[in-house]
Amino acid sequence: KDEVATLGADVAKRIEVRSFSSLLVHLAQEIGSKLIIRGLRAVSDFEYEFQMTGMNQRLTFEVETVFLMASERYQFVSSRFVKEICRLDGDVSQFVSPAIERRLKARYAKI
C-alpha cells in the first residue's frame, strides 16, 4: 500500500509486472516501450548496468535506459540477502511487502 500511495493510484494501475525469457530490449520492443527504467544501489550496480545499457543500445537504438538511485533505506537490500534471511527464518518484513513475505515463507517452508 505504501508503494501505491507514493506512486499515486493512477500510475500504479498502469504498472504491469511480467516475467520473460528473452532479451529485455526485445521485450521492450514487443510491448512498444521506448524506455527501460533500472534501479541502482551502489557503484558496482552502475558499472554492470552501464555495460548492459551499451550492449542494449547496440542491439537497438530505439529503446533508452534511465537509471534511478535507490533511497538510502534500500541501498543495501538485495534479493539474495532477503532470500537467505528468510531461508534461515529471519524477519524480512521490513524489506518486502506482506504478499511477498508470505510467498517467500511458503517457498522456504518446503525446503
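Student: Why does E84 count as partly exposed?

Tutor: The model is predicted, and in it E84 has 36% relative accessibility. Buried means under 20% and exposed means over 50%, so E84, at 36%, counts as partly exposed.

Student: What makes E84 and R87 a salt bridge?

Tutor: Their closest N and O atoms are 2.9 Å apart. The cut-off is within 4 Å, so the pair qualifies. E84 and R87 are three residues apart in helix α5, which means they are separated by about one helical turn. R87 is also partly exposed, at 44% relative accessibility.

Student: How many salt bridges does the structure hold?

Tutor: It holds four. One of them joins E49 and R38, with the closest N and O atoms 2.7 Å apart. This pair links distant parts of the chain, as E49 is in helix α4 and R38 in strand β1, eleven residues apart.

Student: Why is E49 called buried and R38 partly exposed?

Tutor: E49 has 8% relative accessibility. Buried means under 20%, so E49 counts as buried. R38 has a relative accessible area of 23%. That value lies between the 20% and 50% limits, so R38 is partly exposed.

Student: What about D45 and R41, whose side chains meet in a salt bridge: how is each of them classed?

Tutor: The N to O distance in that bridge is 3.1 Å. D45 has a relative accessible area of 15%, under the 20% limit, so D45 is buried. R41, at 30%, falls between the limits and therefore counts as partly exposed.

Student: Why is the pair of F76 and F95 called edge-to-face?

Tutor: The angle between the planes is 85°. Edge-to-face needs over 60 degrees, so the name applies. The centres are 6.2 Å apart, and rings pair if their centres lie within 6.5 Å, so F76 and F95 count as a pair. F76 lies in the loop between β2 and α5, and F95 in the loop between α5 and α6, so the pair ties together parts that are 19 residues apart in sequence.

Student: Is F76 buried or exposed?

Tutor: F76 has 53% relative accessibility. The limit for exposed is over 50%, so F76 counts as exposed.

Student: Which rings are linked into a cluster?

Tutor: Ring pairs link F46, F50 and F67 into a cluster. F67 also appears among the contacts of T53, a residue of helix α4. Leaving aside neighbours within four places in sequence, T53 is in contact with T65 and F67. T53 has a relative accessible area of 9%, under the 20% limit, so T53 is buried.

Student: What makes V66 eligible for the nonpolar surface patch?

Tutor: The patch, of about 350 Å², is made by L35, I37, V66 and L68. Patch residues need over 30% relative accessible area. V66 has 35%, so V66 passes that limit. V66 is placed in strand β2, and strands β1 and β2 each supply at least two residues of the patch.

Student: What is unusual to check at D89?

Tutor: D89 has a positive phi of about 65° although it is not a glycine. D89 is found in the loop between α5 and α6. Its relative accessible area is 72%, over the 50% limit, so D89 is exposed.

Student: Which elements have the lowest and the highest mean pLDDT?

Tutor: Helix α1 has the lowest, 56, and α5 the highest, 95. Where pLDDT is low, the predicted coordinates should not be read in detail. The mean for the chain is 88, and 93% of its residues reach 70 or more.

How values were computed: Residues are numbered from 1 along each chain as its sequence is written. This is a predicted model: local features need pLDDT of at least 70, side-chain atom pairs count only at pLDDT 80 or more; totals for chains, interfaces and linings use all residues. Side-chain values use heavy atoms; hydrogens and water are left out. Patches are made of residues with over 30% relative accessible area and no salt bridge: like charges are joined within 9 Å, nonpolar side chains (Val, Leu, Ile, Met, Phe, Trp, Tyr) within 5 Å. Accessible areas come from the Shrake-Rupley method with a 1.4 Å probe; for residues, only the protein chains shown count as cover. Helices (H or I, at least four residues) and strands (E, at least two) are DSSP runs, numbered from the N terminus. Buried means under 20% relative accessible area, exposed over 50%, partly exposed in between (1.4 Å probe, protein chains only). Rings of Phe, Tyr and Trp (its six-membered ring) pair if their centres lie within 6.5 Å; planes under 30 degrees apart count as stacked, over 60 as edge-to-face and the rest as tilted. pLDDT is the predictor's confidence in each residue, from 0 to 100. Contact means heavy atoms within 4.5 Å.
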